[in-house]
Amino acid sequence: MVSTTSFTTTKSEEIFTAAQKLMPGGVSSPVRAFKSVGGQPIVFDHVKGAYIWDVDGNEYIDYVGTWGPAICGHAHPNVIAALHEALEKGTSFGAPSLQENLLAQMVIDAVPSIEMVRFVNSGTEACMSVLRLMRAFTNREKIIKFEGCYHGHADMFLVKAGSGVATLGLPDSPGVPKTTTSNTLTAPYNDLEAVKALFEENPDQIAGVILEPVVGNAGFIPPDAGFLEGLREITKEHKALLVFDEVMTGFRIAYGGAQEKFGVTPDLTTLGKVIGGGLPVGAYGGRKDIMALVAPSGPMYQAGTLSGNPLAMTAGIKTLELLQKPGTYDYLDRVTKKLTQGLLSLAKEAGHAVYGGSISGMFGFFFTGETVHNYEDAKKSDVAKFGRFHRGMLERGVYLAPSQFEAGFTSLAHTDEDIDKTLEAAKEVFSSL
Ligand SMILES: *Cc1c(COP(=O)(O)O)cnc(C)c1O
């Protein structure tokens, strides 16, 4: 796998060339097009465990895991078996099902802030709905988000929104009316003083603060000690809501998400990715008195034809069952640390300035020698070098997120041998950059 001599991507190139005539940029979501690392994307054929096979038959160790959901490994036999069974009962009900109760109970048991939950179909939907709820509950219109944090592609959040947008070099997106984002205030991540200042400048107008409790959409950036606690205090003081967007971190950095890991309980939480086990699911939930506002229990409208889909609920339930096994997160923590520390020391040995880290099955590193506290720091990374690193790893059978500003993910299927092979490949690539 470490040899590059047999690496050909003829079929991927053919298919992607055709795709570009059919779909904007040839993709269904921008980052997949490899714009920020250069070269053509590979076209997938199938996935299993820690591996991907492309249409040319190349095998890769996968550190994207379909952007997080594949935390138990792709196509886990338990998930697939349960899906086969569910499939026989039909693909969509558009009516209540027992599976919704089961997954809802699992989410409520796991996530400290969640007393009640509403299922939707994506992280984007979860975040746009939670924003409506924040405003409905507080009767205030302004919100605070952080530079480099991504909360899906709803208009109100497309301000300094991290990876996808950053990768394309768009400061904002055309088509987003100024009036839509005029209530979106931004602060640098890890900067409590900036948040305090915004609250002082906008008294009784801020509905709440939303953030990625560990950033994954500007590369991997953990919260500084006291940052999450500080936000909890400030929001309480101003009678505003604290919302953790745990679409990425939920069931990923701990079973109960970042709020369990850091012991800070927000008022509301959004989920996605892992809770769908690879099928399209999002969710938002929180305190009962706030969730009671959601229709039809309350007046805040939000609905969805395919929401609570039985296949998606089934994949989510089976995935969470696998994650409940003892030692799961210790395992993720151990292999991910081995990978990340290995990458950092190999890079340094080869003379590259790097900075990075990991928490459980989430990791990242930047080509910069400086500490990364926020998006401004992250942007100092040498992205051209990252592009060459990415291509070198791809040619050696390692599939990394095709952007410097995305976190990486491991799974329960990643073995020590996979990590060793990855580090062997990285050693070669670092020496050639
Ligand atoms: C992926 C992500 C979203 C958007 O979820 P989609 O399912 O892609 O719409 C929102 N917030 C965070 C933190 C994410 O990582």
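Here a charged surface patch is a set of residues with over 30% relative accessible area and no salt bridge, with like charges joined within 9 Å. A salt bridge, for its part, needs a side-chain nitrogen of Lys or Arg within 4 Å of a carboxyl oxygen of Asp or Glu. The structure is a predicted model, in which local features need pLDDT of at least 70 and side-chain atom pairs count only at pLDDT 80 or more, while totals for chains, interfaces and linings use all residues. Numbering runs from 1 along each chain as its sequence is written, and side-chain values rest on heavy atoms, with hydrogens and water left out.

By that yardstick, E200, E201, E229, E233 and E237 come together on the surface as a patch of negative charge. Two helices (DSSP runs of H or I, at least four residues) each supply two or more of its residues: α7 (192–201) and α8 (227–237). The largest share, three residues, is down to α8. E200 sits in α7 and, with 61% relative accessibility, counts as exposed (the cut-off is over 50%, using a 1.4 Å probe and protein chains only).

Helix α12 (residues 328–349) holds another acidic residue, D330, which is exposed too, at 59% relative accessible area. Its C-alpha atom is 46 Å from that of K178, a residue 152 positions away along the chain.

Then there is an open, antiparallel sheet of three strands, ordered β11-β12-β14. β11 (355–359) and β14 (408–409) are the edge strands; each has a single partner, so one side of each lacks a neighbour in the sheet. Pairing takes at least two DSSP bridges, and β11 and β12 (residues 362–366) have five, in the antiparallel sense. In one of these bridges, G356 partners F365 of β12.

Key
Patches are made of residues with over 30% relative accessible area and no salt bridge: like charges are joined within 9 Å, nonpolar side chains (Val, Leu, Ile, Met, Phe, Trp, Tyr) within 5 Å. Accessible areas come from the Shrake-Rupley method with a 1.4 Å probe; for residues, only the protein chains shown count as cover. Lys and Arg count as positive and Asp and Glu as negative; His and the chain ends are not counted. The place of a charge is taken as NZ of Lys, CZ of Arg, CG of Asp or CD of Glu. Buried means under 20% relative accessible area, exposed over 50%, partly exposed in between (1.4 Å probe, protein chains only).
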